[in-house]
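The exercises below concern contacts between chains, contacts between domains, and salt bridges within a chain. Please work through each task before reading its solution.

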Amino acid sequence: MTGAEPTSPPLLAAGALVRSHLSGSTLIPAVRGISLQIDRGEFVAVTGPSGAGKSTLLHLLGGLLRPDEGELWLDGRRVDRLREAAWARLRRRHYGIVFQSGNLLSDFSVADNIELTAVLAGMPGRTARERRRELLNDLGLAHKATAGPGELSGGERQRVALARALVNRPQLLLADEPTGNLDSRSTRDVLALLARYHRQGTTIVLVTHDARAASTADRVISLFDGRIADDARVEEPPAAWQSATGVRGVIDFGG
Amino acid sequence: MRQQLLARQPAYGYELKQGLEQTFGAAYPQPNIGQIYVTLSRLEKSGLIRGTEVTQEGRPDKKVYEITEKGTEELANWFEAPTEGPRVRDEFFMKLILAEGTDLTDQLTLINNQRRHCINMMRGLNRLAATERGNRTSLLLIEGAVLHLQADLDWLERCQEELT
């Protein structure tokens with residue numbers, strides 16, 4: 001055999017995406033030409049000040065908004081022109097999506113909200129129940145299984161939305177500020193869960209303002225004013241770092 | 001620090017080192033035994049602590065240290081005084097402002113590099129937090145460092161908004 005091995009296309013590729021929002025009668029550009037590639041198995045954090053275009057970008061990547069200009073490729077296939085029904089199918093099959101609002105079904109219990117998503121995607125009820133139990137456990141919400149979304153705090157609702165997004169073990173998880181309303185301990189639980197799914201092969205794109213969440217990723221894309229200002233790998237600190245350094249460099253110990 | 005621990009009970013230099021390690025955990029940068037002895041002799045010269053030789057059988061004598069009245073007084077003042085500390089990275093700010101007008105770098109590069117640095121530090125702190133799980137003192141200190149880094153990153157965003 002001759003020739004190079006066929007390289008598989010990136011899981012997600014965006015070319016010069018542009019998207020504006022209408023505010024009153026003026027068009028406000030939110031994303032002004034973003035190109036990026038995300039490979040299978042990557043864990044990418046997208047950060048930037050509010051108004052930088054983070055959420056718009058995430059909506060574009062998930063097909064929940066269409067670009068005004070530019071292209072989007074999923075797994076080597078151009079998808080920015082697909083109709084909504086085709087997008088809905090793609091999302092059900094490949095994506096897990098968590099948005100800030102949570103979007104839980106208010107008439108169903110926490111458990112049903114999660115299990116229903118799995119069953120609709122074709123998972124046997126029993127497996128769905130097991131996965132739901134596991135996820136709620138990992139997120140410290142086992143005791144809320146029978147509660148309705150109305151009885152949950154903002155942070156709890158967010159974690160349930162995350163459980164729902166992960167129940168089908170998606171190839172690609174898109175998450176918008178999943179630690180936004182969480183206290184320190186819940187943040188730790190959520191980040192640990194994301195790290196585990198990442199280790200098991202899930203590709204993750206995380207929009208976040210939380211530096212702890214961003215530093216869990218392998219790569220941090222910083223948006224500014226609708227464009228990419230920086231795209232950097234997160235470096236593993238050397239193993240010897242912590243015993244020698246501790247928190248020095250951040251906290252001053254007075255020499 | 002050594003003086004503070006001596007306010008609890010008299011101790012040998014090595015005991016102080018162990019006490020520090022047990023109290024603060026791995027998040028806190030630990031002094032080596034040499035630094036501890038240097039500090040102890042400095043505190044003794046200032047009259048804040050007092051050392052007494054203890055003879056040991058078959059081994060060299062060692063000194064047990066205890067806090068003096070003067071030391072206790074100074075310690076009380078230390079506890080009472082408000083704690084000042086550096087709150088803004090002056091040196092980075094200096095670079096950022098002085099970068100303009102040089103061909104050596106530009107402000108966006110500086111901000112990006114500093115952001116990368118903060119995020120890498122944060123990664124290290126996550127690691128440390130994982131190894132220190134269960135040590136509440138350590139975790140609190142790490143959380144303090146995490147919040148400082150978050151503030152630095154938020155401030156970098158403000159710099160970016162204003163300057164670039």
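**Exercise 1: the contact between the chains**

Task: state how many salt bridges join chain B and chain A, and describe the two sides of the contact.

Solution. The count between chain B and chain A is 1 salt bridge, where a salt bridge is a side-chain nitrogen of Lys or Arg within 4 Å of a carboxyl oxygen of Asp or Glu. Its partners are Asp230(A) and Arg116(B), whose side chains meet with 2.6 Å from N to O. This is a predicted model, in which local features need pLDDT of at least 70 and side-chain atom pairs count only at pLDDT 80 or more, whereas totals for chains, interfaces and linings use all residues. Residues are numbered from 1 along each chain as its sequence is written, chains are lettered from A and ligands numbered from 1 in the order in which they are written, and side-chain values use heavy atoms, with hydrogens and water left out.

The next step is to count polar contacts: chain B and chain A have 11 residue pairs in polar contact, both residues being at pLDDT 80 or more. A polar contact is a pair of N or O atoms within 3.5 Å; within protein, one must be able to donate a hydrogen and the other to accept it, and residues adjacent in sequence count only if both atoms are side-chain atoms. On the side of chain B that touches chain A, helix 6 (107-131) and helix 7 (136-163) of chain B each supply at least two residues, and helix 6 gives the most, with 15 residues. Helices (H or I, at least four residues) and strands (E, at least two) are DSSP runs, numbered from the N terminus. This side of chain B divides into 17 nonpolar, 10 polar and 10 charged residues; Ala, Val, Leu, Ile, Met, Phe, Trp, Tyr, Cys and Pro count as nonpolar, Asp, Glu, Lys and Arg as charged, and the others, Gly among them, as polar.

Finally, consider the extent of the contact (heavy atoms within 4.5 Å). Chain B contributes 37 residues and chain A contributes 35 residues. About 3100 Å² is buried between the two chains, and carbon and sulfur atoms give 57% of this area; buried area is the accessible area (1.4 Å probe) that two parts lose on being put together, summed over both.

**Exercise 2: the two domains of chain B**

Task: work out which three residues supply 68% of the area that domain 1 of chain B buries against domain 2 of chain B.

Solution. Begin with the bounds, which come from an automatic or database domain assignment: domain 1 of chain B covers 2-80 and domain 2 covers 90-163. Their centres, taken over C-alpha atoms, are separated by 34 Å, and the contact takes 6 residues from domain 1 and 7 residues from domain 2.

The area buried between these domains is about 450 Å², with 64% given by carbon and sulfur atoms. The three residues sought are Phe24(B), Ala26(B) and Ala27(B), which supply 68% of what domain 1 buries against domain 2, more than any other three residues. Between the two domains there are 0 salt bridges and 0 residue pairs in polar contact (both at pLDDT 80 or more). The side of domain 1 that touches domain 2 has 4 nonpolar, 2 polar and no charged residues.

**Exercise 3: salt bridges within chain A**

Task: decide whether Glu115(A) is buried or exposed, and identify the parts of chain A that its salt bridge with Arg132(A) ties together.

Solution. The side chains of Glu115(A) and Arg132(A) meet in a salt bridge with 2.7 Å from N to O. Glu115(A) lies in helix 3 (residues 110-120) and Arg132(A) in helix 4 (residues 125-138) of chain A, so the pair ties together parts that are 17 residues apart in sequence. Glu115(A), with a relative accessible area of 13%, is buried, and Arg132(A), at 11%, also counts as buried; buried means under 20% relative accessible area, exposed over 50%, and partly exposed in between (1.4 Å probe, protein chains only).

A further pair is Asp225(A) and Arg32(A), whose salt bridge spans 4.0 Å from N to O. Asp225(A) lies in the loop between strand 9 (219-224) and strand 10 (227-233) of chain A and Arg32(A) in strand 2 (residues 26-38), so this pair ties together parts that are 193 residues apart in sequence. Asp225(A) is partly exposed at 42% relative accessible area, and Arg32(A) is partly exposed at 33%.
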